[in-house]
Amino acid sequence: MLTHSNLPAEHLDIRLDLHMTIERVKEKFRMHIGTSIDHQRLILKEHGHQICEMSDNTKMLGFYSVVSGMEIHVIDTDPFSLSRGGGLTDTSLVQKFRMDDEVYDKRKGTMREFIRQKREADPNFKLNVKGPSTGEKTEEKEIPGPETVEGITIGSRCELTPGARRGTIKFIGEISKSGWWIGIQLDEPSGLHDGSAKGVRYFECPMNYGTFARGKNVKVGDYPERDILDEDDEDDEKENTNNDDDEDEI
């Protein structure tokens with residue numbers, strides 16, 4: 001086993017020949033730890049106890065009665081060693097690369113250039129901080145306006161797509177800065193709330209009967225409540241609910 005005075009890691013299973021000179025051993029160690037031959041002091045240890053210093057570069061390894069399983073500890077005597085003081089292991093000592101804003105502004109294909117071009121075309125362009133699932137920045141979706149709920153009235157029966165959940169429309173309007181929504185009291189407790197969002201109440205309904213949906217996901221018409229004994233409807237609903245994504249985050 002090879003250990004080093006400046007490095008916390010242990011190099012296990014370094015295979016050596018007893019007929020190798022100490023100088024040759026140091027050369028092999030140099031390829032693992034980087035310390036030059038002239039700045040290596042080799043200390044032979046067994047079970048943590050020092051046996052001797054292998055100081056004669058001309059002697060063979062077997063001269064020091066080395067056996068398999070012993071430890072050779074390298075003391076790095078170089079006062080300018082890169083490994084001293086955590087130079088090769090402490091990442092906090094690594095100076096972070098920083099680019100001046102002026103230089104970055106001149107680079108092509110950057111996120112800043114992308115945003116600048118988008119805002120030249122649309123001054124109201126914004127960028128999402130996080131994407132839907134990857135966490136990457138993505139272009140913000142267009143916020144739905146009142147035109148997306150035209151022809152839909154409060155009190156109408158409706159069905160959500162996908163999912164085929166049915167209910168009664170209880171609210172139509174703009175919520176915060178997220179655009180226009182439709183609030184629905186579902187026929188069954190498959191919703192997420194009781195008609196409120198982020199502490200603000202928009203309509204009244206029992207807990208877990210409320211949901212919000214975009215106009216594109218709402219079909220208005222003659223949608224009576226389903227008979228709970230209708231097995232065909234129940235099977236269809238179970239199949240469609242697995243892919244239900246009609247309710248967007250507010």
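This report describes one helix, two nonpolar cores and several salt bridges in a predicted model.

**Helix H1**

Helix H1 covers residues 22-33, 12 residues in total. From first C-alpha to last it reaches 16 Å, close to the 16 Å expected at 1.5 Å a residue. Five of its residues are listed as buried: Ile22, Val25, Lys26, Phe29 and Ile33. Viewed down the axis of H1, the buried residues fall within an arc of 95°, so they line one face of the helix. An α-helix has 3.6 residues a turn, so residues three or four places apart point the same way. The buried residues of H1 pack against four strands: S1 (2-4), S2 (40-46), S3 (49-54) and S4 (71-76). After H1 comes Gly34, with a positive phi near 85°.

**Nonpolar cores**

The largest nonpolar core has 18 residues. Those touching the most other members are Phe29, Leu42, Leu44, Met54, Leu61 and Ile72. Two or more residues come from each of H1, S2, S3 and S4. H1 gives the most, with 4 residues.

Ile72 shows how this part of the chain is joined. Neighbours within four places in sequence aside, Ile72 is in contact with Met1, Leu2, Thr3, Leu16, Phe29, Leu42, Ile43, Leu44, Met54 and Leu61. A second core, separate from the largest, has 10 residues, among them Ile169, Leu186, Ala213 and Val218.

**Salt bridges**

Side chains of opposite charge can pair when their charged atoms come close. The structure holds 11 salt bridges, including the three below.

| Pair | N to O distance | Relative accessibility |
|---|---|---|
| Asp105 and Arg112 | 2.8 Å | Asp105 36%, Arg112 31% |
| Lys219 and Glu159 | 3.9 Å | Lys219 37%, Glu159 10% |
| Arg201 and Asp194 | 2.8 Å | Arg201 39%, Asp194 16% |

Asp105 counts as partly exposed, and Arg112 is likewise partly exposed. Salt bridges that share partners join Asp105 and Arg112 with Asp101 in one network.

The bridge between Lys219 and Glu159 links distant parts of the chain, with Lys219 in strand S13 (residues 218-220) and Glu159 in strand S7 (residues 157-160), 60 residues apart. Glu159 has a relative accessible area of 10%, so it is buried, whereas Lys219 is partly exposed.

In the bridge between Arg201 and Asp194, Arg201 counts as partly exposed. Asp194, at 16%, falls under the 20% cut-off and therefore counts as buried.

Notes:
Residues numbered from 1 in each chain as written. Predicted model: local features only at pLDDT ≥ 70, side-chain atom pairs only at ≥ 80, totals over all residues. Heavy atoms only, no water. Expected span 1.5 Å × (residues − 1). Buried < 20%, exposed > 50% of the residue type's maximum accessible area, 1.4 Å probe, protein only. Arc of directions from axis to C-beta. Contact = heavy atoms within 4.5 Å. Core = buried A, V, L, I, M, F, W, Y, C linked by side-chain atoms within 4.5 Å. Salt bridge = Lys/Arg side-chain N within 4 Å of Asp/Glu carboxyl O.
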